[in-house]
Amino acid sequence: MFRSADSGQTWQDISNGLPEPVKDDYGIGRNVLFADDNGLYLTDGNWIYHSNTNATAPFWTKDVFPDKHSNIAPGKTGIFAYNYYSPILQKLNGTNDWLPVFTDLKEKKVRTVFETTGGTLFIGTDEGLLKSTNNGKTWKNVHAWGLLGKVAELDGVMVATSNRGIIRSTDGGENWDLVISEGGVGIDVERIKGGFAAINYSTAAKTRRVRTSYDGGKTWQPIDAGLQTQIIIDSPLQPINAGNSAQGNDSVWHPKEAAPTVFEYKTSIIQVGENFFCGHTDGVYMTSDKGKTWKLVLPAVKGKMFKLSVSGNVIYAIQMENHC
C-alpha cells in the first residue's frame, strides 16, 4: 500500500501493519476499500484497517470485522458490511458492535451497497437495483437489468457501472439510461472537478477506455490516447518511499505492435488538483494535460495491479492480484 500527499511526485510505502500479502482473495468485484474525509478504510475479510490522512507510523488502526462479510461500503451513520449470501450489517459511528440492518430485505444476493448524500439507499443484487427512501423499511426495484456496481453522484446526477456499460440517472435513481455502451461492462466511475470520470470495456477496441464528462454524464470524452499507444516494460520494481524521486524515468518505451503481448487492465481513475491518475497493471499513471500524455509515477510488480482511492489531496494506491 502506497500513499502520496504531493500529487504523485513521491510515494510512501505504508504497508507496515497490514497483513502480508495484501491481495484480493474473494474474486472479481469485491469492494475491499473506500476513502472518505476520515482517510482510508481497508478490509482483508478478517479485520478493518483505517489510516487517516495525517497518519504517521504506525499508519493503521484495526478493528474486528464480522465473520463471512468480505465487502465494505461507507454510510452516513456508519460502515456497511455485506457479502453475496450473508445479511447486511452496519457498525454505527461511535459504537463497536456490528448489527443486522434491512432484515426484511428478501433478496440476499447483494453486490453493492450505496447511500447518497441525501440518505437514499441503493442495493445492487442479482435481481436488479433496489432503492429505499425510508432507511430500508421498504424497497423498490428501479432497475431490472445490468448489475449496478460503483456509483458516483454530483449535483443531482448519478452515474454507475453496470454489466452493460455506464448508466446514468437524473431523477434520484428512479430511472436509468445507458450512456456508455461498447459491448462490455463498466469498470469504474468517479466524481471529478465539475463532472465525472469513467472506465468501461470496449469489445471493439478490446481494451478498457477512460473518459470524462463535464455535462452531467450526457456526453463523454476519451482521455486515454496516451495509454492506448504504448506500454511500458522493464520498469524498476524497487519499493518507493517518501522523499525518493518517482522511479520509472529510465524505463524503455516500445510501440504496442513491437512489444510482447500483455494483459493491461485499467482499474480506477481519480483526479487530484488538475492531474488525473489511473490505476493500471503497469502501475500508477498520471496525466497533467487531460490524457494527451501519461507518465508512469509508481511501477507495479509483475502480475499485480494498482487500485486507487483519494481522500482530500492524499492518494492511496493498493497493489492487488491481477484479474480481469
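Two strands pair if DSSP finds at least two bridges between them. With that criterion in mind, the tour of this predicted model opens on a strand pair.

**Stop 1: the hairpin of β25 and β26**

Select residues 266–272, which form strand β25. Seven of the seven residues in β25 are buried. Next add strand β26, residues 275–280; β25 and β26 run antiparallel and are joined by six bridges. To examine one of these pairings, display Ile269 together with Cys278, its bridge partner in β26. Then move to the turn, where two residues lie between the strands of the hairpin. Gly273 takes a positive phi near 65° in this hairpin.

**Stop 2: aromatic pairs**

The whole structure contains seven aromatic pairs. Begin with Phe2 and Phe306, whose arrangement is edge-to-face, with 5.9 Å from centre to centre and 70° between the planes. This pair connects distant parts of the chain, 304 residues apart: Phe2 belongs to strand β1 (residues 2–4) and Phe306 to strand β29 (residues 304–311). Phe2 and Phe306 are both buried.

Now select Phe80 and Phe102. Their ring centres are 5.9 Å apart and their planes meet at 35°, so this pair is classed as tilted. Here too the pair links distant parts of the chain, 22 residues apart, with Phe80 in strand β8 (residues 78–82) and Phe102 in the loop between β10 (98–100) and β11 (110–115). Phe80 and Phe102 are each buried. Add Trp139 to the selection to complete a cluster of Phe80, Phe102 and Trp139 linked by ring pairs.

**Stop 3: lysines over rings**

Display Trp47 and Lys62: Lys62 lies over the face of Trp47, at 4.2 Å from the ring centre. A further example is Lys290, which lies over the face of Tyr214 at 5.3 Å from the ring centre.

**Stop 4: the nonpolar cores**

Which residues have the most contacts inside the largest nonpolar core? Select Trp11, Ile270, Phe277, Val284, Leu298, Phe306 and Ala317, which hold that position in a core of 15 residues. Colouring by element is informative at this point: β25, β27 (283–287), β28 (295–299), β29 and β30 (314–321) each give two or more residues to this core. Strand β29 provides the largest share, three residues. Phe306, visited earlier as the edge-to-face partner of Phe2, is thus encountered again here among the residues with the most contacts.

Finally, select Leu18, Val32, Leu40 and Phe59, which are among the members of a second, separate core of 14 residues.

Terms used: Residues numbered from 1 in each chain as written. Predicted model: local features only at pLDDT ≥ 70, side-chain atom pairs only at ≥ 80, totals over all residues. Heavy atoms only, no water. Buried < 20%, exposed > 50% of the residue type's maximum accessible area, 1.4 Å probe, protein only. Helix = DSSP H or I, 4+ residues; strand = E, 2+ residues; numbered from the N terminus. Phe/Tyr/Trp six-rings, centres within 6.5 Å; stacked < 30°, edge-to-face > 60°. Lys NZ or Arg CZ within 6 Å of the ring centre and 35° of its normal. Core = buried A, V, L, I, M, F, W, Y, C linked by side-chain atoms within 4.5 Å.
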